[in-house]
Amino acid sequence: ALIGCSAPATSAFGGFNERNLTNGRELSTGESNGQRGAVSIAQTLTMPTQPALPESLRDLARAQAGVLTWEQICGHGVSQSTVRTLMDKGLWTRLSRGIYLTHDLQPEWMSLAWAGQFLGGCDAAIGGRAALRLAGLISEEELPISIVLPHEARRQPSSGWWEFSRTRVPFRAVGAPARLRVARAIIELCASAPARAIHWAT
């Protein structure tokens, strides 16, 4: 089960840094998976040099494209020192404050979708073209990923990975990671780009 879907709590490992350093290398949004090696998420999660982690936490990471929140990690009894060891050894990467990628490969689009939804909190939903991608209607995996928040939610800074916006119009999220319903996502796209409204409406 997803534990603590609210905006991740601050941990001792610092604040937002989209270009984290892993194994002495800068994690950039333009680097491909092939450049980082062909190690799969499943292989990385079971590396013998990695500190022992509960199988339930490993399963959760696999279900969330390798992404875990600080609250989820703590909820499974993993200590701060264990997370620090994983970071120091370059086995885990911090994507944002309180959000971790449980391998050292370049994050895949789906990993960033999960991370963006977690960063937005329980009431956030993935919107725009990203919502249509998650619904299986388009194949493009574009960045930044649109994250929609209720108007009363705390404002979040956008980045090369995520674009946060707040709306006064109520919405319901579906799926995992949470996304806007298709009809609402299309309405949002039409409003943001009226010139392409016919394209999205048909």
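This is a short walk through the nonpolar cores, the aromatic pairs and one helix of this structure.

Okay, before anything else: what you have in front of you is a predicted model.

Let's start with the inside. In general, nonpolar side chains in soluble globular proteins tend to be buried together. Here, the largest nonpolar core has 22 residues. If you want to find it on your screen, look for Val67, Leu95, Ile99, Ile145, Ile147 and Trp162, which have the most contacts inside that core. And which elements give two or more residues to it? Those are strand S5, at 99-101, helix H6, at 109-120, strand S7, at 145-150, and strand S8, at 162-167. H6 supplies the largest share, with seven residues.

Now zoom in on Ile147. Setting aside neighbours within four places in sequence, Ile147 is in contact with Gly116, Gln117, Ala124, Ala125 and Ile126, and also with Trp162, Glu163, Phe164 and Ser165.

There's another core as well, lying apart from the largest one. This other core has 13 residues, including Val78, Val83, Trp92 and Tyr100.

Hold on to those last two names, as we move to the aromatics. How many aromatic pairs does the structure hold? Four. I'll show you two of the pairs.

Take Trp92 and Tyr100. Their ring centres are 6.3 Å apart and the planes sit at 45°, so we call that pair tilted. Both residues are buried: Trp92 has a relative accessible area of 1%, and Tyr100 comes in at 0%. Bring in Trp70 and you have one aromatic cluster, made of Trp70, Trp92 and Tyr100.

Next up, Trp114 and Phe118. Here the centres are 5.7 Å apart with the planes at 35°, so this pair is tilted too. Where do these two sit? They're four residues apart in helix H6, which means about one helical turn separates them. Buried or exposed, then, for Trp114? Buried, with a relative accessible area of 5%. Phe118 is buried as well, at 1%.

Last stop: helix H3, residues 55-63. Its buried residues are Leu57, Arg58, Leu60 and Ala61, so yes, there's an arginine in that list. Why do we say they're on the same side of H3? Because they cover an arc of only 160° around the axis. And if you step just past the end of H3, you'll meet Ala65, which takes a positive phi of about 55°.

That's the tour, thanks for listening.

Key:
Residues are numbered from 1 along each chain as its sequence is written. This is a predicted model: local features need pLDDT of at least 70, side-chain atom pairs count only at pLDDT 80 or more; totals for chains, interfaces and linings use all residues. Side-chain values use heavy atoms; hydrogens and water are left out. A nonpolar core is a set of buried Ala, Val, Leu, Ile, Met, Phe, Trp, Tyr and Cys residues joined through side-chain atoms within 4.5 Å. Buried means under 20% relative accessible area, exposed over 50%, partly exposed in between (1.4 Å probe, protein chains only). Contact means heavy atoms within 4.5 Å. Rings of Phe, Tyr and Trp (its six-membered ring) pair if their centres lie within 6.5 Å; planes under 30 degrees apart count as stacked, over 60 as edge-to-face and the rest as tilted. The arc is that of the directions from the helix axis to the C-beta atoms.
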